[in-house]
Amino acid sequence: MTTIRLSRPGEGDRAIEIWRGAVDATHDFLTPEDRLAIDEMVCGFLPQVPLWLAVDSNDNPLAFMMLNDRHMEALFVDPAHRGAGIGAALVRHGLTLHPNMTTDVNEQNDQALGFYERMGFRRTGRSPIDGQGKPYPLVHLEYSNRLASC
């Protein structure tokens, strides 16, 4: 059984492990240099921010979601637990807090785009570069419960 709760001090290392595994499994479009630079940035802030964690029955984190008001800044699932509905459970939790939630997804990440669209998000725009000014286009999404199928 999966439970969703806020992160606690000391769980930052596990969040970084989840992030690294998920990025390595889904972000093959990143150059090695960009992947390393992002890793350094993530290690500097991820342990310090509040996260929503999906944890197993032993309270071990399996995935996390980072929200900034109604914007989902991050959703990452340990690759060993992908496809089990954990990411969907986190998104549904986020939607209970912010029914008009938004997020941005790398355009090259077809799996994530499909996931969010199945969850009921619709495309609202596109940026040719990511938040760090790199040439990784972002698709802007907003939740619309009229489209949800999960």
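**Starting from a buried tyrosine**

Tyr 136 counts as buried because its relative accessibility is 5%, and the cut-off for buried is under 20%. Keep in mind that this is a predicted model. Along the chain, Tyr 136 sits in the loop between strand E6 (121-127) and E7.

So what does Tyr 136 touch, leaving aside residues up to four places away in sequence? Its contacts are Phe 29, Leu 30, Thr 31, Asp 34, Asn 106, Gln 108, Pro 128, Ile 129 and Asp 130. With Asp 34 there's also a polar contact between the side chains, at 2.6 Å. Gly 83 is another matter: 53 residues away along the chain, its C-alpha is 25 Å from that of Tyr 136.

Now over to the largest nonpolar core, which has 25 residues. Met 72, Leu 75, Val 91, Tyr 116 and Phe 121 have the most contacts inside it. Strands E2 (52-55), E3 (61-68), E4 (71-77) and E7 (138-143), plus helices H3 (86-97) and H4 (110-119), each supply at least two residues of this core. Apart from it lies another core, of 19 residues, and here Tyr 136 turns up again, with Ile 18, Ala 22 and Phe 76 also among the members. In soluble globular proteins, nonpolar side chains tend to be buried together.

Val 91 is a good place to look around: beyond its neighbours up to four places away in sequence, Val 91 touches Met 65, Met 72, Leu 75, Met 101, Phe 115, Tyr 116, Met 119 and Phe 121. Val 91 is one of the buried residues of H3, along with Ile 86, Gly 87, Ala 88, Leu 90, Gly 94 and Leu 95. The helix itself has 12 residues and spans 17 Å from first C-alpha to last, close to the expected 16 Å.

Technical notes. Residues numbered from 1 in each chain as written. Predicted model: local features only at pLDDT ≥ 70, side-chain atom pairs only at ≥ 80, totals over all residues. Heavy atoms only, no water. Core = buried A, V, L, I, M, F, W, Y, C linked by side-chain atoms within 4.5 Å. Buried < 20%, exposed > 50% of the residue type's maximum accessible area, 1.4 Å probe, protein only. Helix = DSSP H or I, 4+ residues; strand = E, 2+ residues; numbered from the N terminus. Contact = heavy atoms within 4.5 Å. Expected span 1.5 Å × (residues − 1). Polar contact = N/O pair within 3.5 Å; in protein donor to acceptor, adjacent residues only side chain to side chain.
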